[in-house]
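Thank you all for making time this morning. I would like to walk you through the strands of one model and how they are arranged into sheets, so please have a look at it with me.

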Amino acid sequence: NEYKSYLRKAMMGMGDEEMVEGQNEGVSTEDGSAKAPKTYLPKDLKDDEELVPDMSAYEMLHTFRCRCSCLSFDILKDRLGKRSGYPVTLYAVAGTQAERGKKNSLVVMKVSNLNPEEESKKKKDDEEEESESESDEEDEEEGRKGKEVINSTELYHNGSVNRVRICPHSTESRVFVSTWSDKGKVHIWNIAPQLSGLETDGQQGKDISKVKPFYTFGGHVEEGYGMDWSTTRQGYLLTGDCTRHIHLWTPRESDWLVSQSTFSAHGSSVEDLQWSPTEEHVFASCSTDKSIRIWDDRAQSHKANMITVPDAHDADVNVINWNRMEPFICSGGDDGVVKIWDLRQLKSHAALFKHHSGPITSVEWHPTDSGVFGVSGEDNQISLWDLGVETTEPVVIEDQEVPPQLLFIHQGQKEIKELHWHPHIDGLLMSTSLDSFNVFKTISV
């Protein structure tokens, strides 16, 4: 199995953890009884050690790859609505970061037939039994039933894709996606035809289509990463670049009016942007200047910075995410620290969690559980947290103190860049990294 990962189940009595392969397998005590598996916490592996997932801690876990690494993606709020049960189908859009000499693209994908591990294994076993009596063609078709089915189409993108975000407001004929190019331009794409094609064609495209963006803005001085669509005002977009400038996009009938005067109070690169989910003119930003700022776009740009947290982290603030139900913002920095900020009193953080051993690359609140959030880091880990665990007493595992709010650790990807919860499927997470996508659901959330 090429997939290598490890995890930590919920601390509060959720059961055993996975182990290093071969380390505890088949181990028994003097009386012949089997030893209980030990909780495994992240550490450096020896050359002959390999970590494998304990599938009893997952409801579902799938791994797949695209043609090139995709270091940013977003999940579509599809028309299937809120749902549960299996098999699962999801729609996502990702942007590639191809090696030199290869073409970059915007990948529109439909991932279907996502089943729990037991169901996938059963189907695979059934297929193996039937394969002897079936033709090669029939066997190939049946073989797809036991694993995920990926249909995708690619649109040529000029330059690597720094960030991808899907507009939350869409129609049958218009589904807008924004991309930040490392060439310094921001593109808007209408992917409605591609989504329709995935439903009718049912095949994975091998060629990269040269489709022109719906709109392109080249007014940023340099490339950037900050980007967010408003959920309260249809078609409003924010983009921030590495020279500290933030532009506001106002939709018109067939394009956007992008502000020439910029929000430029940050001292250096704008790393992330988040619209308020309740106040339509308010947004937040974070920067490599270590600050988090709250803005009001109704004010003149040089007066719009209403609140500043000057040293929110001890290093660059990489990512922020605004809670959809509570007045909280979650932030992650190069210091490996995750902080929770109460917008009613921003003088100091409401909570601080130090678990990751590398810079934080993504944070996101659960869409329906206001106390749960996910975090990814450059230490190749995804951690899931629950603020509803009120005790402050740490859990001690292998002489290490672990925050009781830490529910779960997932690993198996290299250089994890982003994670997103599915907006309609409770507890389902998708993540992207240098080597793969993961789609999984744990028993903890």
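Let me start with a single pair: D74 has V93 in β4 as its bridge partner. Before going further, I should say that this is a predicted model, in which local features need pLDDT of at least 70 and side-chain atom pairs count only at pLDDT 80 or more, while totals for chains, interfaces and linings use all residues. Residues are numbered from 1 along each chain as its sequence is written, and side-chain values use heavy atoms, with hydrogens and water left out.

Strand β4 covers residues 88-96 and is joined to β3 by five bridges, the two running antiparallel; strands here are DSSP runs of E with at least two residues, numbered from the N terminus, and two of them pair if DSSP finds at least two bridges between them. Both belong to an open sheet of five strands, ordered β3-β4-β5-β6-β10, with mixed pairing. At its edges are β3 (70-75) and β10 (208-209), each of which pairs on one side only.

The other sheet I want to show is also open, with four strands in the order β7-β8-β9-β11 and antiparallel pairing. Its edge strands, β7 and β11 (215-217), each pair on one side only.

Within this sheet, β7 (residues 161-166) is joined to β8 (residues 176-181) by five bridges, and I166 stands opposite V177. On to the next neighbour, β8 pairs with β9 (residues 186-190) over five bridges, again in the antiparallel sense, with F176 placed opposite N190.
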